Amino acid sequence: MFEHDPPEMVLRGGHVADGTGRAPARSDVLLSQGRVVAVEDGGSAPGAVVINAEGLVVAPGLIDVHTHADLLPFVADGEQALRTGALMQGVTTVIAGNCGFSVFPLSKGSDSAAVREHLATLFGEATAIFEDLAEYGAALALAGLESNVATLVGQGTLRAAVVGFEDRKATEAEIAEMRELTVRAFEQGALGLSTGLLYPPGSHAETDELVELARVAASWGRPYVSHIRNEMDQVAEGLAEAIDIGRQASVAVQVSHLKAGGRRNHGRLEELLGLLDEAAAEGVDVAADAYPYTRSSTVMHALLPPWVTEGGIEAMIARLADPDARQRVGKSFEEDDPGWQNFISAGSWDDVTVASAPFSRESEGRTVAQLAADRSIDPVDLVADMVVAGSGSVTVTIETLAADDVARCLASNRVMLGSDGIPTPGKPHPRWAGSFSRALSKKARDAYGLSVAEAVHKMTAWPARRFGLVDRGVVAVGAIADLVIFDSERVEDRATYQEPLLPPEGVEHVIVGGHHVVDGGVFTGGRAGRFLTASQN
């Protein structure tokens, strides 16, 4: 956190890609009191700090619309590379609370056990939970933020707080309580409503329940942001449900990490993008985000059939300790159940790599097939053992997408960039520290058929407008001075699956709120980020 006001600053001679999609134009950019005060050639201010941007692109600070960085500010300072993984790429704002996981709210009189159980699978057993968004925001401000943080409210957390893990329809009274909590979150500035319909207890909600909550979002002008029920064999049906919710609730729909997973679904992105186009032609406000990798990442227990998680995480742990239940799990992988997103039937255990396992750091970076072979056990038993040992808090990466589909997706004018980063210690997916620099690279721009201006637009003005981030996402007089300066010919990601936090090449300077926090590609140590809300940011 900075104890002083930002200095006056001149960004001299760069090519300004202002976020709108217009071609970059050479200009100086003048900053004062944390805002842009002029965009003009020959601009100057006596005593101002001057940054030489000759030959570089000056762009708005990038916005990551899909992260799980909710608790990253509370990670120890010793994990600095993890804390700054997004910032070093020029990401000045991250949106948390995705996939139904938000670290608030609690219902009145709740003992918080079900909410803690829900969140622990993603954030670990020591997860923090907050009564409401205001309490969460205050805690973030005290912790200090490298990038700005804003958040959605998660439907999975809402259902855990009100209904728990029971797989049943919510009662009218329970839906009313979830609506009340959603209204409260929007009053306090949540940017939208998220769902994670692969994960219990959010997955237990039927469409009509989701429509009721989406109508609350619509009344506040906030989007419905959905990790759909199935991203593999039933991906079209999952996408159709999200679109139908948009139609019924008259709400803007943001489809999270759009993909067609599993080898037998490679090539289906054209079909899915067609569904988005058809919905838009019918008047549904629909868009999506995606990341530039062929590997996805999720919690390990998402690999297991849905019946394993019935009753919650504690019930799952007890179930996996039963040899008969494990045998049933093994048989499930061999059966063709269209209602289950079976990662392994569309791939193999060689495709699944452990990303984060705090109880077994030596397992991180190795595949399930390798670990099972080392221990001379069946891969299903290996997964069950790890899920039990980690109390459900184990993450994996999965080779599941086609490179051509990824390129087709990110080339679409209906798809913006979102990392889906899960910044936990260990070997997290490199998308947290690499998505934006990878997508900005010349190689990627050529593959996607995007100019520098078009790529920047997908990462700045468009997401700012979509999520109600006022005065951000553009280089314009009056805008907040969140900026990135990069070399468009040299920018490139360096993060790998074995070294997932390596900073990028070619990102020279990052400015947050007028403070110079990355200088010459080196983090200066300053924490200038703020907690942002939809009402005041």
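Two strands pair if DSSP finds at least two bridges between them. Helices (H or I, at least four residues) and strands (E, at least two) are DSSP runs, numbered from the N terminus. The model is predicted: local features need pLDDT of at least 70, side-chain atom pairs count only at pLDDT 80 or more, and totals for chains, interfaces and linings use all residues. Residues are numbered from 1 along each chain as its sequence is written, and side-chain values use heavy atoms, with hydrogens and water left out.

**Exercise 1. Follow the strand pairings from strand 5 to strand 21.**

Solution.

Step 1. Begin with strand 5 (residues 57–60), which pairs with strand 18 in the antiparallel sense over 4 bridges. Here V57 is opposite F486 of strand 18.

Step 2. Strand 18 also pairs with strand 19 (residues 507–512), antiparallel and over 4 bridges. I485 stands opposite H509 in strand 19.

Step 3. From strand 19, go on to strand 20, again an antiparallel pairing over 4 bridges. V512 faces H515 of strand 20 as its opposite residue. The hairpin of these strands has 2 residues between the strands, and G513 takes a positive phi near 60° in it.

Step 4. Finish with strand 21 (residues 522–523), which pairs with strand 20 in the antiparallel sense over 2 bridges. V518 stands opposite F523 in strand 21. This hairpin too has 2 residues between the strands, with G520 at a positive phi near 65°.

**Exercise 2. State which way the side chains of strand 18 point, and explain why strand 20 is described as largely enclosed.**

Solution.

Step 1. Take the term first: buried means under 20% relative accessible area, exposed over 50%, and partly exposed in between (1.4 Å probe, protein chains only).

Step 2. In strand 18 (residues 483–486), L483 and I485 point one way, while V484 and F486 point the other way. All of these residues are buried.

Step 3. In strand 20 (residues 515–519), 4 of the 5 residues are buried, so the strand is largely enclosed by the rest of the structure.

**Exercise 3. Describe the sheet with the order 6-7-8 and the sheet with the order 14-16-15.**

Solution.

Step 1. The sheet 6-7-8 is open, has 3 strands and is paired in parallel. Strand 6 (62–64) and strand 8 (148–151) are its edges; each has a single partner strand, so one side of each lacks a neighbour in the sheet. On average, neighbouring strands are turned by 20° against each other, direction ignored; axes are lines fitted to C-alpha atoms, for helices over the stretch in contact, and angles run from 0 to 180 degrees between N-to-C directions.

Step 2. Within this sheet, strand 6 and strand 7 (residues 91–96) pair in the parallel sense over 3 bridges. The bridge partner of D64 in strand 7 is V94.

Step 3. The sheet 14-16-15 is also open with 3 strands, but its pairing is antiparallel. Its edge strands, strand 14 (295–299) and strand 15 (352–356), each pair on one side only. The average turn between neighbouring strands is 30°, direction ignored.

Step 4. Strand 15 pairs with strand 16 (residues 395–399) in the antiparallel sense over 4 bridges. T353 has T397 as its bridge partner in strand 16.

**Exercise 4. Place M386 and describe how helix 11 packs on helix 12.**

Solution.

Step 1. M386 lies in helix 12 (residues 379–389) and is buried, with a relative accessible area of 2%.

Step 2. List its contacts (heavy atoms within 4.5 Å). Not counting residues up to four places away in sequence, M386 touches M300, V354, A357, F359, S363, L371 and V394. M386 and H301 are 85 residues apart in sequence, with 9.3 Å between their C-alpha atoms.

Step 3. Helix 11 (residues 368–375) packs against helix 12 at an angle of about 100°, with the axes 9 Å apart. That makes the two helices roughly perpendicular (65 to 115 degrees; under 35 counts as roughly parallel, over 145 as roughly antiparallel, and the rest as oblique).

Step 4. V368, L371, A372 and R375 of helix 11 meet P379, L382, V383 and M386 of helix 12. The residues of this contact comprise 7 nonpolar, no polar and 1 charged. Ala, Val, Leu, Ile, Met, Phe, Trp, Tyr, Cys and Pro count as nonpolar, Asp, Glu, Lys and Arg as charged, and the others, Gly among them, as polar.
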